[in-house]
Amino acid sequence: MAKLKIRIYPDPALAQETAPHTTFGPADQQLFDDMIETMYASDGVGLAAPQAGILKRIFVCCPSMKRGEEFVMVNPRIESSSGEAVDAEGCLSLPGISADITRATTLELTYQNRYGNLCRTTAKDFFARVIQHEMDHLNGKLLIDHFSGRKREELLKQYDLAKAAEKTGKPRT
Ligand code: NI
C-alpha cells in the first residue's frame with residue numbers, strides 16, 4: 001500500500017466538481033486501500049478522492065476511528081436529511097484551523113461499496129457530520145466555503161499563520 005500525497009488549500013483539485021466512479025477492479029481496490037492508509041497515517045476520520053488529486057466521487061471514512069471499521073463510499077447520495085447541530089470541524093486539506101459548521105444530524109444515504117454493491121444506510125451525529133464534510137469535498141467545497149466576508153478572511157489568516165509556523169518549526173504562542 002502506498003501513502004498518497006494530500007493536497008492542501010489552495011490546490012485547484014480541491015475546488016473541482018468530481019465525476020462518478022464506475023470501476024471496481026484490482027486497481028480500484030488498491031486506490032481504496034491507499035486512501036484508507038493515507039487517512040489513518042494522517043490521523044484523519046475521512047478522506048475524499050479530490051484531496052489526493054483524484055476527481056472522482058469516492059471517499060473513505062472511519063467515524064469510530066477503529067481500524068477495520070472504515071467505510072469506502074462511492075457515488076454517495078443523500079436521500080434525505082433532518083436535524084441540525086453546530087460543531088467544530090477540521091480538514092486535512094486545511095491543517096491548523098477549525099471552524100463551527102452547521103450540519104444535519106440524521107442522513108439517509110445510498111452509496112456503492114468498494115465492490116460496487118449498492119448500499120443504503122442511516123447515519124447519525126458524528127457519522128452524519130463526517131459524511132457531509134466528505135460530500136462537500138466531492139462538490140469542490142471546503143470548510144472555508146461555508147463562510148464569507150470577515151469570518152472567511154479570519155480563517156484564511158489563521159491558516160496562513162499555521163502554515164508559516166509549520167515551516168519555521170517554531171511553536172505557536
Ligand atoms: Ni476535509
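Colleague: Why are His133 and His137 separated by about one helical turn?

Modeller: Keep in mind that this is a predicted model. Both histidines sit in helix 2, which covers residues 125-138. They come out about one helical turn apart because their spacing along that helix is 4 residues.

Colleague: Which protein atoms are the donors of the nickel ion?

Modeller: Along the chain, the donors follow the spacing C-x41-H-x3-H, so look for a cysteine and then two histidines. They lie 2.1 to 2.3 Å from the nickel ion, and they are Cys91 (SG), His133 (NE2) and His137 (NE2).

Colleague: Is His137 buried or exposed?

Modeller: Anything under 20% relative accessible area counts as buried. His133 passes that test with 8%. His137 has a relative accessible area of 2%, so the verdict for His137 is buried.

Colleague: How many disulfides does a search of the whole structure find?

Modeller: A pair of cysteine sulfurs has to be within 2.5 Å to count. Cys62, which is buried at 1% relative accessibility, has its nearest cysteine sulfur in Cys61, 7.5 Å away. For Cys119 the closest one, also in Cys61, is 12 Å off, too far for a bond. Over the whole structure, the number of disulfides found is 0.

Colleague: Which element gives the most to the largest nonpolar core?

Modeller: That core has 16 residues, and Phe59, Met73, Leu107, Ala123, Phe127 and Ile131 touch the most other members. At least two residues each come from strand 2, strand 6 (106-112), strand 7 (118-124) and helix 2. With 6 residues, the top contributor is helix 2.

Colleague: Where is Ala49 placed?

Modeller: Ala49 counts as buried, since its relative accessibility is 0%. Leaving out residues up to four places away in sequence, Ala49 touches Met35, Ile54, Lys56 and Ile58. Ala49 also belongs to a second, separate core of 14 residues that includes Leu47, Val60 and Val74. Its place is the loop between strand 1 (46-48) and strand 2 (58-61).

Colleague: Which strands stand at the edges of the open sheet, each with a single partner strand?

Modeller: The sheet has 5 strands with antiparallel pairing, in the order 1-2-3-6-7. An edge strand has one side left without a neighbour in the sheet, because it has just a single partner, and that picks out strand 1 and strand 7.

Colleague: What stands opposite Val60 in strand 3?

Modeller: Strand 2 and strand 3 (residues 71-82) run antiparallel and are joined by 4 bridges. Helix 1 (residues 26-41) lies across both of them and strand 1, at about 45 degrees to strand 2. Opposite Val60 in strand 3 you'll find Val72.

Colleague: Which side chains of strand 5 point to one face and are buried?

Modeller: In a regular strand, side chains alternate between the two faces of the sheet. Strand 5 (residues 98-103) does alternate: Ser98, Asp100 and Thr102 point to one face and are not buried. Pointing to the other face, and buried, are Ala99, Ile101 and Arg103.

Colleague: What is the bridge partner of Gly90 in strand 5?

Modeller: Strand 4 (residues 85-90) runs antiparallel to strand 5, and 6 bridges join the two. For Gly90, the bridge partner in strand 5 is Ser98.

Terms used: Residues are numbered from 1 along each chain as its sequence is written. This is a predicted model: local features need pLDDT of at least 70, side-chain atom pairs count only at pLDDT 80 or more; totals for chains, interfaces and linings use all residues. Side-chain values use heavy atoms; hydrogens and water are left out. Buried means under 20% relative accessible area, exposed over 50%, partly exposed in between (1.4 Å probe, protein chains only). Contact means heavy atoms within 4.5 Å. Donors are N, O and S atoms within 2.8 Å of the metal (3.2 Å for Na, K and Ca); water is not among the atoms, so sites may look incomplete. A nonpolar core is a set of buried Ala, Val, Leu, Ile, Met, Phe, Trp, Tyr and Cys residues joined through side-chain atoms within 4.5 Å. Two strands pair if DSSP finds at least two bridges between them. Axes are lines fitted to C-alpha atoms, for helices over the stretch in contact, and angles run from 0 to 180 degrees between N-to-C directions.
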